[in-house]
Structures are given as C-alpha cells and as structure tokens.
Amino acid sequence: MAAIRVAFNSLNLLASTSSSCSCHSVFTKLRFRPIWGVFLTIAPLSSRTPNRMAHSIARATLGLTQANKIDAQKISFTAKEIDLVQWKGDILAVGVTEKDMAKDENSKFKNSILQKLDLQLGGLLSEASSEEDFTGKSGQSTVLRFPGIGSKRVGLIGLGSTSSPTLTYRSLGEAVAAVAKSARASNVAIALASSEGISAESKLSTASAIATGTVLGTFDDTRFKSESKQSALKSVDIIGLGSGPQIEKKLKYTADVCSGIIFGKQLVNAPANVLTPGVLAAEASRIASEHSDVLSAKILDVEQCKELKMGSYLAVAEASANPAHFIHLCYKPSNGEIKKKIALVGKGLTFDSGGYNIKTGAGCSIELMKFDMGGSAAVLGAAKALGQIKPSGVEVHFIVAACENMISGTGMRPGDVVTASNGKTIEVNNTDAEGRLTLADALVYACNQGVEKIVDLATLTGACVVALGPSIAGVFTPSDDLAKEVIGASEISGEKLWRMPMEDSYWDSMKSGVADMVNTGGRQGGAITAALFLKQFVDEKVQWMHIDMAGPVWNDKKKNATGFGISTLVEWVLKNSS
C-alpha cells in the first residue's frame, strides 16, 4: 500500500509600507513519514498567518486588496490492490471506455469488473447506464446513490478515446474531483474497468495522471473572493494499479510537481495590483529560502542591472512606478558531480499595458495582461518542484527579468533606440512588443552563466495563438536534439507543443535603418520573427529553445490560469540529470 498526502495553501500577497523586496511569510515544511507507504504534506505557499509581503514602493496596495487566509487542505492518496466491491466510502468512481460499456444480448456488461460490480448492485448499474444513454464517451459521467452498500455512490466516468493517455487519466481525476465537490464527499476510490492489460510502467504513469487531475481539479483559487467553500475531499484510494515502493516514489514525485503547478497558477491568477515585480522577486526568494540546501537566490535591482548594461530590459521598465527586479535562482544538488548546466528563462511582465502603443479595441485582452508573466510562473513553479525532487547531476539557472510595461513621461517611446547587454542596438517600432526586449537581456545573462542549454518561455505573440489556438504552445529552436528532448518531455507531461519553423529569410522584415534591428516585423509570421529576434541574443554555442505559450497560459472557460509548462520543464530537467 502506498499513500501520499497533499496539502495546498493559498498565496498571501498583502500590502506593505516597506520598499524592500524581502518577505517574511512562512512555508509549511515538507514532512515525510513512512506508514507502510508514504505520507506527504505539501504546502505550495503558506497562509497560516496574515504575513505581509513587501511591495517595491512605499504605498498600500491599489484598491486595498488583500488575499484571504485559506486553511490548508490535505488529500491523502493511497494505492491499493483490493476487490472493488469490498471498498467502503463515499464514492467509488470507475473509469470506462466505450469498449468497456459493451453489453451482451441480455443487456449485461461483458466487462468482468463492471459485471461483478453490477451483480453486487442487483443489475441497477447496467439498467441506469442504458436509461441515461451512457456509452463511455469522454465527458460523460453518471453517478448513482446506493444506500446500504459499502460505497454510498457509484460513478461511471467516460474516458472516450484519445492519443494522449496522460490527458485521458488526468481528465478522469478532474471529473472525480468535480463529483466529490458536488457530493461533499470526503473519501473516494478511483479504478479502471480495464487495467489488466496495462504494463507496470504505464500503471505508474496512469496513477500519477489520475492523482494530478484530482489534486488540480480539487484546487480552487479563492484568495480574492469574499466567500468560498473548500472541498471536503480528504482521501483518495487508487485501486488496481499496483502498490509498493515504486508507486510510492511516483506519487511523491506527482505531489512535488503538483505543488509547483499550483504555485504557478496562483502567481498568474494574482492581480497586477497585488503581484508587482518586487512581490514576484520576493516569492522567488522565498522558494530559495525554503529549499536552501539546493537553491540560492540573487535579486538584482535597477542599479545593478545598469551595471550589467541591460538597456533593453530597463527601457521597458522605465515608465512604471514599480521598479524592475531581475531574478536569478540557481539549483545545485547538495552532493555529486554536476554533469550538465542548463537555464530556464521566463518572461516576467507582471502587467503589460502596451506602453505608448497601448492595447485597445476588441480582443486586445488588456484586462488579462496580469498573465503576461506566465513564463516566469512556469520557471518559478518548476524551481519549487525541483527544490523538492532534488535531481542529481544537473545545475539549473532560473532567470526572470521582472517588470511592468506602463505609460509615463519617462517611458520608452516608439522610435527610441535601446542597447542590449551584448551591445546590439534595437529600434523600438512598437512598445507593445516589449517581452522580447526584456528576454534579450535575460538570454544574454543566461548565456553568461556558462550553460549548455536554454529554454525560454513567454506569452510572446498573439500570432502564435492565431496559428495554434488556445491549448498548444509553439516551439522554436535551431536544434533538432533539443526539440526532441523537450517535446519528448511534453509527451510525458501531457502538455501540447508544436514545433514551428525558423525561416531565416523573414529576418529581412526586422532590419532597421538606424539600429541593428527593429523589435517587431510585419503582421505575417509574427511568432517566427519574434523567435528570430530572440536568437540574436543567444550564444551560438548554446542550444536554445523558445516556447511561445500565449495560448495555453490561460483557460478562458474557467477564467483561470492553467499552470502550463511546469510539468514539462520538470520532466526535461530530469532527463538532463544523472
């Protein structure tokens, strides 16, 4: 039997009258206690006390907004090998495919598990599924209440058919979380109608995906709501996918990654009047202090960035009353030889007005521009997860040039020429193409750390959303090997990436008459020219990839951040560890 307990708290981002970027909020420590299996308490962010986080200027938060204190919620996951009909609890949920729902001439299930369960229920399960036209398609579910038996409710959750098992089983976990919320269930069991044909390795990934979906489906970011209800779910039994040390280890890993994803979601969800560049830097420092055995933090202020000649980045930040904070976390394993050095660079615009080329008109989404730091949330979420996982043999640099793109008399104007830290000059023909200007200096800085590989993530272009839609990120890299590595990691994580071309002939549209380049080309191929721009700031000896995540950073239907990129980054780092 293996068990894992997950607790998630809320991000406390409160006003302060201090101008420092330090913070004194407290994390709940990771606690590991073996009880035949593994019990783990994970708190992505602390909310035990209304601690104050420092703003980068001496004033109260605009609107007097403070994040609510949310008590930690704990979910215990246990992997078991028991007979389904013997399980006792609130909800027994069974994931079924359309093939599983096949019936014989007597309208009885052919599937042995469903057949056994239906027999225990006096045929009511097959009868109800026929009446409700439940066929096992993805998105279908039916939940029946059966008083007087071991499980108070029995639910069938449709799995449908998909090319991504990870997404299928994660969706199963999410569906169970939704049913548990609705029923105010405190304990549930999850099983598959057909698990006997799944390999041992696939059972581990299946259990991980189910647990991930359940945790993320249960999590609800209510920090900024005056009233909220917490899920009653306390324990989840995963039945029929094995037990023992291997699945214990996999579930612990799952919990670590989920804590990073929740942290990233909270960062993106936090409004810009609460999450300033200084607060983002404070959160990064807090991650490092919580895992100081493997993580260190260096936060550069404006003067230090000037010394490094980061003119491109500082030009974007100039108009804001909230000063820039350049974030550099470094992961080094506590022992063993370091065989690879890599860097993760995230765009960190905590708000993007567009500058003088202000975002206007339908579809500009200026009200959502708090998510323009989604790349930095992915990078810092990965840092948090890796601080808990502690892979060996790899050094990882997490780099974010955090700032706001605002409007003022001191701000960057269209037509200005700025100079990046590698000496290249840029004519700013559009102040709303600001993310690449901040990334330019961040990429130069990353190369100077002596890394072999860099992956940057950014909500960079609307053009990529037009090309690939809301759920797929565009990948740009000259390196086939790096593309294979990262896309392979995304296939494990279930996140969707699509490699895009880097057409060198398009660079002609980026030429300037007065500087080395302009910061944006024409409307056609906008995501490609943006990637070609970033390439100018990467050392030729360094393998580099740019991920444009403007589409999948946000879920319009749920009006919430997705935590996109974090699980893929963690998988990729582990591929590079010994």
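This passage describes the overall make-up of a predicted model, followed by its helix contacts, a buried helix, its cysteines and two residues with unusual backbone angles.

The chain of this predicted model holds 578 residues, and 59% of them are buried. Its secondary structure amounts to 14 helices and 22 strands. Contacts that link distant parts of the sequence are well represented: among contacts between residues at least 6 apart in sequence, 80% join residues at least 24 apart.

Two pairs of packed helices can be followed in some detail. In the first pair, helix H3 (165-183) lies against helix H4 (residues 200-218), with axes that come within 7 Å and cross at roughly 40°. That angle makes H3 oblique to H4, because only angles under 35 degrees count as roughly parallel. The crossing of H3 and H4 is right-handed. On the H3 side, the contact is formed by Thr166, Tyr169, Arg170, Leu172, Gly173, Glu174, Ala177 and Lys181. These residues meet Thr206, Ala209, Ile210, Thr212, Gly213, Thr214, Gly217 and Thr218 of H4. Sorted by class, the contact of H3 with H4 has 8 polar, 5 nonpolar and 3 charged residues.

The second pair brings together helix H5 (residues 245-269) and helix H14 (residues 566-575), whose axes are 9 Å apart and pack at an angle of about 135°. H5 and H14 are therefore oblique to each other, since an angle must be over 145 degrees to count as roughly antiparallel. Their crossing, too, is right-handed. H5 contributes Tyr253, Val257, Gly260, Ile261 and Gly264, while H14 contributes Ile566, Ser567, Val570, Glu571 and Leu574. Here the residues of the contact divide into 6 nonpolar, 3 polar and 1 charged.

Helix H13 offers a clear view of burial within the chain. Of the 10 residues in H13 (residues 526-535), 9 are buried, so the helix is largely enclosed by the rest of the structure. The buried stretch consists of Gly526, Ala527, Ile528, Thr529, Ala530, Ala531, Leu532, Phe533 and Leu534.

Turning to the cysteines, a search of the whole structure finds 0 disulfides. Cysteine 305 is accordingly in no disulfide, and the nearest cysteine sulfur, that of cysteine 403, is 9.8 Å away. For comparison, the sulfur atoms of a disulfide would have to be within 2.5 Å. Cysteine 305 is also buried, with a relative accessible area of 0%.

Finally, two loop residues deserve a look at their backbone angles. Most residues other than glycine have a negative phi. Leucine 64, although not a glycine, has a positive phi of about 55°. This leucine sits in the loop between strand E3 (37-41) and strand E4 (73-80). With a relative accessibility of 71%, leucine 64 counts as exposed, because the cut-off for that class is over 50%. Arginine 184 is likewise not a glycine and has a positive phi of about 55°. Arginine 184 is found in the loop between helix H3 and strand E8 (187-192). Its relative accessibility is 48%, so arginine 184 counts as partly exposed.

Technical notes. Residues are numbered from 1 along each chain as its sequence is written. This is a predicted model: local features need pLDDT of at least 70, side-chain atom pairs count only at pLDDT 80 or more; totals for chains, interfaces and linings use all residues. Side-chain values use heavy atoms; hydrogens and water are left out. Buried means under 20% relative accessible area, exposed over 50%, partly exposed in between (1.4 Å probe, protein chains only). Helices (H or I, at least four residues) and strands (E, at least two) are DSSP runs, numbered from the N terminus. Axes are lines fitted to C-alpha atoms, for helices over the stretch in contact, and angles run from 0 to 180 degrees between N-to-C directions. Angles under 35 degrees count as roughly parallel, over 145 as roughly antiparallel, 65 to 115 as roughly perpendicular and the rest as oblique. A crossing is left-handed if the near helix is turned anticlockwise from the far one by less than a right angle, and right-handed if clockwise. Contact means heavy atoms within 4.5 Å. Ala, Val, Leu, Ile, Met, Phe, Trp, Tyr, Cys and Pro count as nonpolar, Asp, Glu, Lys and Arg as charged, and the others, Gly among them, as polar.
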